[in-house]
Amino acid sequence: MVVCGRCNGRVFVRGDLAPLHSIPCTKCGHPIIVPVMLRQFELRSIIGTGGMGTVYRAFDTTLEREVAVKMMKKDLVQDEQSTRAFFREARALAALNHTNIIHVYTFEKYDNQLYLVMELADRPSMDYRIEHESHLPELHVLDIGVKIASALDLALKHGFLHRDIKPGNILFNVDGEPKLVDFGLAGSAADGLGDEHSIMGTPYYVAPEKIKREAETFLSDMYSLAATMYQGLTGHVPFEAPTVDEVVLAHVNTPLVPPNQVLFEVTKATSDGIVRAMSKDPAERFQSYDEFIMEFTAARSKLLIQRYRGSDEAPPEQ
């Protein structure tokens, strides 16, 4: 019997199932595996699968703690670009020590298999939560925005741009702390990152200057973070269109509908901050993460005051 990593149901699995080969859970359909050892790590269940590989919940039998193991697909090991991106993610994460950036413990190769061992953050991603909850509470979105902005500020101080901020790259740990993941597209802030690099990212959150192949700076990550917050607040991406090409062009040409015109309960302070951070012209955005953080911290304080005004209960301490 094997425990499913999503529904925690106990499922019978044949003893001859090949190592790391998965079958769907009979209760929820999530892929399940027979536990297998990778050096001192016992891979117990699948957390998720992406283009680069699969992330497993695992147990470090030496240090006796739960971890996440991101294993690169074997057929990508010989692909130079994919391997370079995997190395880049490992090195970027190893260089950054921040509460809201996923911590990497080790990077190794075993039996021609590249893998990262990381901090476990196995609660549903922001993307998953938006999909299943329609939209997130404003206070929660502001908390995520402020914390991820602080993480991006630290990355910038170490010379890194993330370059793919989106709800799917914000996970949560057991304590509800948001964790920024997937630095596979991370690049040096000093490079300018124009030309062929400029359109890297996810179309629904990509900054206009990247589409126009202009110089990419931290303001591009800021735009993507604000677009992520927009979706968290409203349940909708900032620009929706029938095709990806039309979505991309909308970032450049279409005026943004303020979040509080999509969902009237969003406060003006939060909505105005999102609109500014998503200005078409990078020069009109907040010119530092400190400024971004101060704006949304103030919006959060105003929201708390509004919420508790007229109530006998005092606002919680900030």
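**Exercise 1.** In this predicted model, determine how many residues lie between S9 and S10 in the hairpin that they form, and which residue in the turn has a positive phi.

*Solution.* Begin with the turn: two residues separate S9 from S10 in the hairpin, and Asp-111 in that turn has a positive phi of about 55°. Next, follow the two strands away from the turn, where S9 (residues 104–110) pairs with S10 in the antiparallel sense over six bridges. Within this pairing, Tyr-110 stands opposite Gln-113 of S10.

**Exercise 2.** Identify the bridge partner of Ala-68 in S10, and establish whether S10 is buried or exposed.

*Solution.* Start from strand S8 (residues 65–72), which is paired with S10 in the antiparallel sense over four bridges; the partner of Ala-68 in S10 is Met-118. Then consider the two faces of S10 in turn: Gln-113, Tyr-115 and Val-117 are buried on one side, while Leu-114, Leu-116 and Met-118 are buried on the other. Because six of the six residues of S10 (residues 113–118) are buried, the strand is largely enclosed by the rest of the structure.

**Exercise 3.** Decide whether Lys-210 is buried or exposed, and find which side chain is joined to that of Lys-210 by a polar contact.

*Solution.* First locate the residue, which belongs to helix H4 (residues 208–211). The cut-off for a buried residue is under 20% relative accessible area, and Lys-210, at 2% relative accessibility, therefore counts as buried. Finally, turn to the side chain of Lys-210, which is joined to the side chain of Glu-216 by a polar contact of 3.5 Å.

Key:
Residues are numbered from 1 along each chain as its sequence is written. This is a predicted model: local features need pLDDT of at least 70, side-chain atom pairs count only at pLDDT 80 or more; totals for chains, interfaces and linings use all residues. Side-chain values use heavy atoms; hydrogens and water are left out. Buried means under 20% relative accessible area, exposed over 50%, partly exposed in between (1.4 Å probe, protein chains only). Two strands pair if DSSP finds at least two bridges between them. A polar contact is a pair of N or O atoms within 3.5 Å; within protein, one must be able to donate a hydrogen and the other to accept it, and residues adjacent in sequence count only if both atoms are side-chain atoms.
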